[in-house]
Structures are given as structure tokens and as C-alpha cells.
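Me: I am new to this structure and should be grateful for a close look at a single part of it. Please choose one helix and describe its surroundings in a connected account.

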Amino acid sequence: MSEITHRTVVLSSRPEGIPQAAHFRIETAPIPRPAEGQVLIRNRFLSVEPAMRGWVNAVANYSTPVGIGEVMRSFAAGDIVESRHPDWAVGTSVTGMFGWQEYAAVDPSAIDYRVDTTDLPLSASLGVLGINGITAHYGLLKIGQPRHGETVLVSTGAGAVGSIVGQIAKLHGCNTIAVTGGELKRSLCTTRFGYDYAVDYKRDDFASELAIACKGGIDIYFDNTSGAISDAVIPYLNVGARVIICGTASVAQWDPPPMGPRVERHLLVKRARMQGFVILDHKDHYARARADLAHWVREGTLQFEEDILDGIAHAPDAIAGLYRGENLGKRLIRVG
């Protein structure tokens with residue numbers, strides 16, 4: 001009898017900068033069998049994150065680079081279809097770092113979350129209730145510490161993280177400004193995500209529009225891009241402002257680091273602070289964030305968008321597509 005197989009996406013060559021479809025290969029392999037104490041998960045959704053660029057580059061950031069020939073590391077959501085562990089029943093929906101593959105045999109320690117929000121789509125457990133929503137929740141509330149009436153500016157304001165940051169800021173009584181690319185995303189920021197003002201960085205009048213939006217200064221800058229957008233935003237910091245470094249999506253290659261306008265003088269004279277964070281360091285915050293986010297989604301005060309690609313064949317080009325700005329909201333791959 002022939003073995004039952006599944007498809008996996010492996011890293012086939014080492015990219016410099018943004019990984020392209022040619023850096024990955026789809027392979028067919030036997031479906032793994034769980035060892036004693038493990039479970040077998042049938043993945044239903046695979047996540048696509050801007051951070052995956054750093055996971056495959058040769059220079060490690062906060063995690064060991066994915067090895068050549070290894071299954072691409074990723075968050076995924078699926079169902080347990082075979083269990084050899086007494087605490088994990090067949091049929092349980094879970095999320096974790098299961099990789100770009102149709103099936104994964106894992107130890108329970110690889111499971112991040114036993115999905116209990118069964119009234120909400122499973123896909124949401126990877127986006128608004130997953131790493132993106134938790135990142136927005138922790139970064140804004142723990143580091144930004146918004147106060148009623150303050151102004152919050154978010155780069156990539158229509159993105160999977162940025163759109164949630166803006167809405168949480170509104171829920172806390174803040175004025176909100178989005179920086180995004182293209183008229184469709186600019187409109188989405190104001191009509192769906194409730195931003196008070198949205199500025200398109202691709203327009204020739206970006207600088208003048210940003211000046212109008214920031215005429216009262218900004219108290220919190222949630223930075224998902226770095227680069228030229230941040231260079232334009234930093235001069236508008238108010239005294240006591242907080243800058244939250246969440247991502248550097250606008251910079252394709254950090255070796256050597258690009259040199260642009262310096263921030264030190266602004267931080268000094270504005271008595272501002274700048275702090276970066278990686279949400280994987282703050283797992284003790286996940287449960288609280290998920291509870292808040294699920295409550296807001298259920299009551300209709302938190303909206304979210306999903307950009308779902310059907311089929312694992314879309315995986316190799318999915319990261320590059322993020323950096324081309326193709327997605328509206330959280331990008332996911334639905335496994336067939």
C-alpha cells in the first residue's frame with residue numbers, strides 16, 4: 001500500500017532581503033505519524049507575516065534562520081486529527097508554529113492556543129485574535145500607554161497590525177492618523193477602521209498632507225515601517241511622546257543599516273522615548289489580549305479584514321506579495 005502524502009513548502013535557497021517565490025519549493029512527503037506524547041494537526045490556515053523575511057535571511061534577528069531544505073516556519077491554525085497525548089483530544093482546534101505544510105506532528109509545547117472562540121472564524125485566531133492583534137494590543141497599551149485625547153499615528157494603518165492599533169486607540173479616546181499606500185487603503189482606514197485622518201505616502205503631496213494631519217503634533221507613533229515614512233513623522237512628536245518600534249517593512253536590507261535623518265535631537269528636546277519589542281517575548285500577555293480583542297470583535301467595535309489565498313501553491317510568493325502591498329488586511333493561506 002502506498003503511503004498517504006501531503007505537501008510542504010521548504011526554503012530552497014537563501015534570500016538577501018525580501019524572499020521571492022524562487023526561494024521556496026513545494027515538496028510532497030509522507031504524512032508524519034505522531035510519536036508517543038505528540039499530536040497530528042491538519043492545518044487549515046497558514047499565516048503570512050512581514051517578519052518571515054527576517055526568519056529566512058542569513059543574518060539572524062531574534063530567531064535562528066530557517067535552514068535550507070527545512071519547512072518554512074510559520075504560525076498555522078488547524079485541527080487535531082490524531083492524538084497520542086491524554087490532554088489533547090481529536091477534533092480540538094489549535095494554533096501554533098506548525099509551518100507551511102498540510103499536516104504537522106508536534107509536541108503539545110508547540111501549541112500556542114487551544115481555540116475556544118468557536119463562535120468566531122478559525123482564521124481570526126491567526127490575525128485579529130492571533131499574533132497581529134496581540135502585537136497591536138501589547139505595543140499600544142503596554143508601551144504606548146495612551147491617554148484620552150492624545151493623538152496616535154500609525155504607519156501601515158490599513159495592515160493586519162496597524163488597523164487594529166488604530167481601533168484600539170479610538171476605543172481609548174484617542175485621535176488617530178493612518179499613513180498607508182494607495183487610495184483604496186486610505187479610504188479603508190477612515191471608512192472601516194475609524195481613523196480620523198489617513199494620509200497616502202505614495203502621493204506627491206504626502207508631506208503637505210502629513211503636515212495638515214499632524215498640525216497638533218503626535219503623542220504616540222506606532223512604527224511598522226521605519227525608513228522615509230518615519231523620517232517624515234518624527235519631527236511632529238510632542239513633548240513626552242512615545243515611539244513604538246514594531247517593524248521595519250520599508251527597508252529591504254539592513255546590512256549595512258541605512259543612514260537617514262537622525263532622531264536623537266528630537267528625542268532629547270521632546271523628552272520622548274523610543275522602544276522596540278518582539279511580541280514572542282511577552283507570552284504572558286496573550287490571554288488578556290485575546291480576551292479583550294474577542295470581546296471587541298463580538299460587540300462590533302473592532303473590525304478586521306482578511307486577505308485569504310486559496311491553496312498551498314500560493315505560499316512561495318505570499319511574503320513577497322506582502323511587500324508589494326497586495327494584501328488588504330491579514331494575509332492567510334487556506335489549505336485545501
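Reply: The account below follows one helix, H3, and then turns to the sheet and the core around it.

The model is a predicted one. Helix H3 spans residues 162–171, and eight of its ten residues are buried, so the helix is largely enclosed by the rest of the structure. The buried residues are Gly162, Ser163, Ile164, Val165, Gly166, Gln167, Ile168 and Ala169. Just after the helix, Gly173 adopts a positive phi of about 80°.

What do the buried residues of H3 pack against? Two helices are involved, H2 (131–144) and H8 (286–299), together with the strands E8 (151–155), E9 (175–180) and E11 (218–223).

The contact with H2 can be described in detail. The axes of H2 and H3 are 9 Å apart, and the two helices pack at an angle of about 45°. Angles that fall outside the ranges for roughly parallel, roughly perpendicular and roughly antiparallel count as oblique, and H2 and H3 are therefore oblique to each other. The crossing in which H2 passes H3 is right-handed. On the H2 side, the contact is made by Asn132, Gly133, Ala136, His137, Leu140 and Leu141, while H3 contributes Ile164, Val165, Ile168 and Ala169. An α-helix has 3.6 residues a turn, so residues three or four places apart point the same way.

As for the strands, H3 lies across E8, E9 and E11, and it runs at about 170° to E8. These three strands belong to an open sheet of six, in the order E10-E9-E8-E11-E12-E13, with parallel pairing. At its edges are E10 (197–200) and E13 (273–276), each of which pairs on one side only. Neighbouring strands of the sheet are turned by 15° against each other on average, direction ignored. Within the sheet, E11 is joined by five bridges to strand E12 (residues 237–245), and these two strands run parallel. Asp223 stands opposite Ile245 in E12.

Finally, H2 leads to the nonpolar core. The largest such core has 75 residues, of which Met72, Trp100, Leu140 and Leu293 touch the most other members. To this core H2 gives the most, with seven residues. Another core, of 18 residues, lies apart from it and includes Ala213, Leu237, Ala241 and Val243. Leu140 thus appears in two settings: in the contact between H2 and H3, and among the residues that touch the most other members of the largest core.

Technical notes. Residues are numbered from 1 along each chain as its sequence is written. This is a predicted model: local features need pLDDT of at least 70, side-chain atom pairs count only at pLDDT 80 or more; totals for chains, interfaces and linings use all residues. Side-chain values use heavy atoms; hydrogens and water are left out. Buried means under 20% relative accessible area, exposed over 50%, partly exposed in between (1.4 Å probe, protein chains only). Helices (H or I, at least four residues) and strands (E, at least two) are DSSP runs, numbered from the N terminus. Contact means heavy atoms within 4.5 Å. A nonpolar core is a set of buried Ala, Val, Leu, Ile, Met, Phe, Trp, Tyr and Cys residues joined through side-chain atoms within 4.5 Å. Two strands pair if DSSP finds at least two bridges between them. Axes are lines fitted to C-alpha atoms, for helices over the stretch in contact, and angles run from 0 to 180 degrees between N-to-C directions. Angles under 35 degrees count as roughly parallel, over 145 as roughly antiparallel, 65 to 115 as roughly perpendicular and the rest as oblique. A crossing is left-handed if the near helix is turned anticlockwise from the far one by less than a right angle, and right-handed if clockwise.
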